[in-house]
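Visitor: I would like to know how the labels on a protein model are earned. Please take me through a few of them.

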Amino acid sequence: MKAAFIHANVIDVLERKTLIDQTVLIEEGRICAVGPQLDTAGYQIEDLGGKYLSPGFFNMHVHTTVSASTDSNFHAYTPVESTLLSLENLASYIRSGVTFVRDVGSYDEIWEIREAVRSGRIAMAPDMQLSGRPICQTGGTTWTMVGYQADGEDECRKAARLMLRSGADWIKLMGTGGIITRGSNPNATQLSVEELRAASEEAHKLGLKSCCHVQNDAGARNAILAGVDCLEHGDILSDETIQMMVDRGVWLDPTLSAAYCIFNRAPEGEFKTKAEKGFKTSLDSFKRAYAAGVPCVLANDCGAQFCYHDEFALELEMATNYCGVNPYEAFAMATVNAAALCGVEKDLGSVTVGKKAHFAVFAQDPIVDIKAAQDCCMTVKNGQILWKK
């Protein structure tokens, strides 16, 4: 199939600029030309009429098989329920301009769901990388939900091997307490350096990566010392820990909107109290980490309570309006940076000749008003329009 998207204002996340009134030509699902007034003879025309075309978003921290409802993390899902929820959630990603997700904690149905997406059986869905079930200590964060409980180096190593046997692209580890596990203390460390290292090594043996939930500085240091590739949340990071991240090339996925949404939506009680502190400290930690040169991506932790699957672009607003990140930089974190962390930058992450045609389209300029990114009016994957208002 040959398609031409004409009169598009293209957000160039590599050069940090917007290319006005461009034509983007697609052949066999890949971009074959980008430029003004290109010859479109023989192409199926889609006139964007001055709308803004971006690379499709990467939501780098999702939980596809659960809902964000107030009881979601304590409800015993059947395989049918979690599968049906996943179909709804996958479609909501697409409608919000997300064409790639990294699922870092879901029920076992997620493996078959990913394969159905890859085969095309599920069309209304983003590309996916998976960790399977996150590895936590007995009674640790996520144990009431999707967590796989393991204690000691040997059990953690075996748990990682089980996830890798199932087809994991990442190993997800739980290094500290968390907000949405009842009774869990975000200030407490959980899996030890040795336990984290054992699991992370198993991923690295296969050329894959590991990521770790950390909500305090001690847990962050443990994960860094263990060789983890990416920290999730990082609510409290000292300057010394941030420098360790810079020195070792450790990434940060701050999930800025997660604690914000929980704090603003949860009723009075444990979750709201923990989220209030996490929200305030996470903004400060992210700003200092970003300024120091830590490579960053964006995600909204959807599937966690009060964090909805169609709200990824709120994360860009948090980064820009709350943390002072330039909008182009925020778009880069949500696209080309994420592609690099996932190892798919040759195929995805920018509107570049030779890459797959994964786009999000917005009626208004999100660089001028970042909130415009929350109103996706078209999503394209492999050159096919999957969603259009």
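Visitor: Why is R102 called buried?
Guide: This is a predicted model, and its values are computed from the atoms. The relative accessibility of R102 is 0%. Buried means under 20%, so R102 counts as buried.

Visitor: Where does R102 lie?
Guide: R102 lies in strand β7, which covers residues 98-103.

Visitor: What makes the pair of R102 and E232 a polar contact?
Guide: The two side chains come to 2.8 Å from each other. The cut-off for a pair of N or O atoms is 3.5 Å, and 2.8 Å is within 3.5 Å, so the pair counts as a polar contact.

Visitor: Which residues does R102 touch, leaving out those up to four places away in sequence?
Guide: R102 touches N59, M60, H61 and V62, then Q129, W170, C211 and C230, and also E232 and D253. Each of these has heavy atoms within 4.5 Å of R102, because that is what contact means.

Visitor: Why is G234 called buried?
Guide: G234 has a relative accessibility of 2%. The limit is under 20%, so G234 counts as buried. G234 is found in the loop between β13 (230-233) and α6 (239-248).

Visitor: Which residues is G234 in contact with, beyond its neighbours within four places in sequence?
Guide: G234 is in contact with V214, L252 and S285. As for Y308, 74 residues from G234 along the chain, the two C-alpha atoms are separated by 20 Å.

Visitor: What makes V368 exposed?
Guide: The relative accessible area of V368 is 70%. Exposed means over 50%, so V368 is exposed. V368 has its place in the loop between β15 (359-362) and β16. Between the C-alpha atoms of V368 and V353 there are 26 Å, with the two positions 15 residues apart along the chain.

Visitor: Which residues of α2 are buried?
Guide: They are I110, W111, I113, R114, A116 and V117. Each carries the label because its relative accessible area is under 20%. Their cover includes α1 (79-95), β7, β8, α3 (152-166) and β16 (376-381). Just after α2, G120 takes a positive phi of about 90 degrees.

Visitor: Which members of the largest nonpolar core touch the most other members?
Guide: The core has 89 residues, and F57, I135, L231 and F331 touch the most other members. Helix α8 (residues 270-292) gives the most to this core, with six residues.

Visitor: What makes I135 a member of that core?
Guide: Membership requires a buried residue of a listed type, Ile among them, joined to others through side-chain atoms within 4.5 Å. I135 belongs to the core, so I135 is buried and joined in that way. Beyond four places in sequence, the residues that I135 touches include Y148, A150, C156, L173 and L191.

Visitor: How many cavities are there of 30 Å³ or more?
Guide: The count is two. The largest cavity holds about 320 Å³ of space, and the second largest about 40 Å³. A cavity is space where a 1.4 Å probe fits but cannot get out, so that is what the word says of both.

Visitor: Which residues lie nearest the centre of the largest cavity?
Guide: Of its 29 lining residues, H63, I180, H233, D301 and A304 lie nearest the centre. Helix α7 gives the most to the lining, with three residues. By class, the lining has 13 nonpolar, 13 polar and three charged residues.

Visitor: Which residues line the second largest cavity?
Guide: The lining is P55, G56, F58, T99, L348, G349, S350, K356 and H358. Three are nonpolar, five polar and one charged.

Visitor: Why is the space of about 370 Å³ called a pocket?
Guide: A pocket is an open set of points, while a probe in a cavity cannot get out. The space of about 370 Å³ is the largest pocket, so it is open. Among its 20 lining residues, D127, K356, H358, K381 and N382 lie nearest its centre. The lining divides into nine nonpolar, six polar and five charged residues.

Methods
Residues numbered from 1 in each chain as written. Predicted model: local features only at pLDDT ≥ 70, side-chain atom pairs only at ≥ 80, totals over all residues. Heavy atoms only, no water. Helix = DSSP H or I, 4+ residues; strand = E, 2+ residues; numbered from the N terminus. Buried < 20%, exposed > 50% of the residue type's maximum accessible area, 1.4 Å probe, protein only. Polar contact = N/O pair within 3.5 Å; in protein donor to acceptor, adjacent residues only side chain to side chain. 1 Å grid on protein atoms, 1.4 Å probe; cavity = no way out; pocket = protein on both sides within 12 Å on 5 of 7 lines; lining within 4 Å. Points joined across faces, edges and corners; volume = space filled by probe spheres on them. Nonpolar A, V, L, I, M, F, W, Y, C, P; charged D, E, K, R; others polar.
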